[in-house]
Amino acid sequence: MKYEHKLDRAIMCPIEYGLEIFGGKWKSRIICVLSGKPSTRYSEIRRELTNITDAVLASMLKELLADEIINRKQYDEIPPKVEYSLTEKGKSVLPILQSICAWSRNNTQEELERKLPACKTCPHLY
């Protein structure tokens, strides 16, 4: 079953399309977490994103799956085992996110580590 967005959004330009796919509070962070390993279990993603709820994480993963940014592999085991990984399309987003990160770190006017602490999983461009 393919995930369908609740509301259709009118996308006016390519930037909006990109931001719809990998923007927002959680999607880019999930992509960064998944970039750290070939595959990652749900609980590892949840542990890395300490203040995300299960409902929001599940929703974001469904949207990233629908947009072909991530893969989901389910193993026939008890207890059930599911792993997520980036697709080639998802990996192609990483340089964009790294550039945004570098820009943000270079353009903050306050003490960097207080305002913009480094992510644990995303490599930074300095």
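**Exercise 1. Packing around helix α4**

Find which elements the buried residues of α4 pack against in this predicted model.

*Solution.*
Step 1. List the buried residues of α4. They are L57, M60, L61, E63, L64 and A66.
Step 2. Look for their partners. Three helices come up: α1 (14-22), α2 (27-35) and α3 (42-48). Two strands join them: β2 (70-75) and β3 (81-86).

**Exercise 2. The span of helix α4**

Work out what span the 13 residues of α4 should have, and compare it with the distance between its end C-alpha atoms.

*Solution.*
Step 1. Helix α4 covers residues 54-66.
Step 2. Apply 1.5 Å times one less than the number of residues. The expected span is therefore 18 Å.
Step 3. Check the model. The end C-alpha atoms lie 18 Å apart, which agrees with the expected value.

**Exercise 3. How α2 meets α4**

Decide whether α2 and α4 are roughly parallel or roughly perpendicular, then describe their contact.

*Solution.*
Step 1. Take the axes. They come within 10 Å and cross at roughly 80°.
Step 2. Classify the angle. Values of 65 to 115 degrees count as roughly perpendicular, so α2 and α4 are roughly perpendicular to each other.
Step 3. Name the residues in contact. Helix α2 supplies K27, I30 and I31. Helix α4 supplies L57, M60, L61, E63 and L64.
Step 4. Sort them by class. The contact has six nonpolar residues, two charged residues and no polar ones.

**Exercise 4. A salt bridge between helices**

Find the salt-bridge partner of K27, and say whether K27 and E63 are buried or exposed.

*Solution.*
Step 1. Locate the pair. The side chains of K27 and E63 form a salt bridge, with N to O at 2.8 Å.
Step 2. Place each residue. K27 sits in helix α2 and E63 in helix α4. The two are 36 residues apart, so this pair links distant parts of the chain.
Step 3. Check exposure. Buried means under 20% relative accessible area. K27 has 3%, so K27 is buried. E63 has 11%, so E63 is buried too.

**Exercise 5. Other salt bridges**

State how many salt bridges the structure holds, and describe the ones made by K37 and K81.

*Solution.*
Step 1. Count. There are five salt bridges.
Step 2. Take K37. Its partner is E44, and the closest N and O atoms are 2.4 Å apart. K37 has a relative accessible area of 43%, so K37 is partly exposed.
Step 3. Take K81. Its side chain meets that of E83 at 3.6 Å, N to O. Both residues of this pair are buried.

**Exercise 6. The setting of S28**

Classify S28 as buried or exposed, and find what S28 touches.

*Solution.*
Step 1. Place the residue. S28 belongs to helix α2.
Step 2. Read the accessibility. At 18%, S28 counts as buried.
Step 3. List the contacts. Leaving out residues up to four places away in sequence, S28 touches F22 and L97.

**Exercise 7. Two backbone features in loops**

Describe the backbone at E68 and at the bond between I78 and P79.

*Solution.*
Step 1. Start just after α4. There E68 has a positive phi of about 60°. E68 is a residue other than glycine.
Step 2. Add its setting. E68 lies in the loop between α4 and β2. Its relative accessible area is 52%, so E68 is exposed.
Step 3. Move to the loop between β2 and β3, where P79 is found. The peptide bond joining I78 and P79 is cis, with omega about 0°.

Technical notes
Residues numbered from 1 in each chain as written. Predicted model: local features only at pLDDT ≥ 70, side-chain atom pairs only at ≥ 80, totals over all residues. Heavy atoms only, no water. Helix = DSSP H or I, 4+ residues; strand = E, 2+ residues; numbered from the N terminus. Buried < 20%, exposed > 50% of the residue type's maximum accessible area, 1.4 Å probe, protein only. Contact = heavy atoms within 4.5 Å. Axes fitted to C-alpha atoms, helices over the stretch in contact; angles between N-to-C directions. Parallel < 35°, antiparallel > 145°, perpendicular 65-115°, else oblique. Nonpolar A, V, L, I, M, F, W, Y, C, P; charged D, E, K, R; others polar. Salt bridge = Lys/Arg side-chain N within 4 Å of Asp/Glu carboxyl O.
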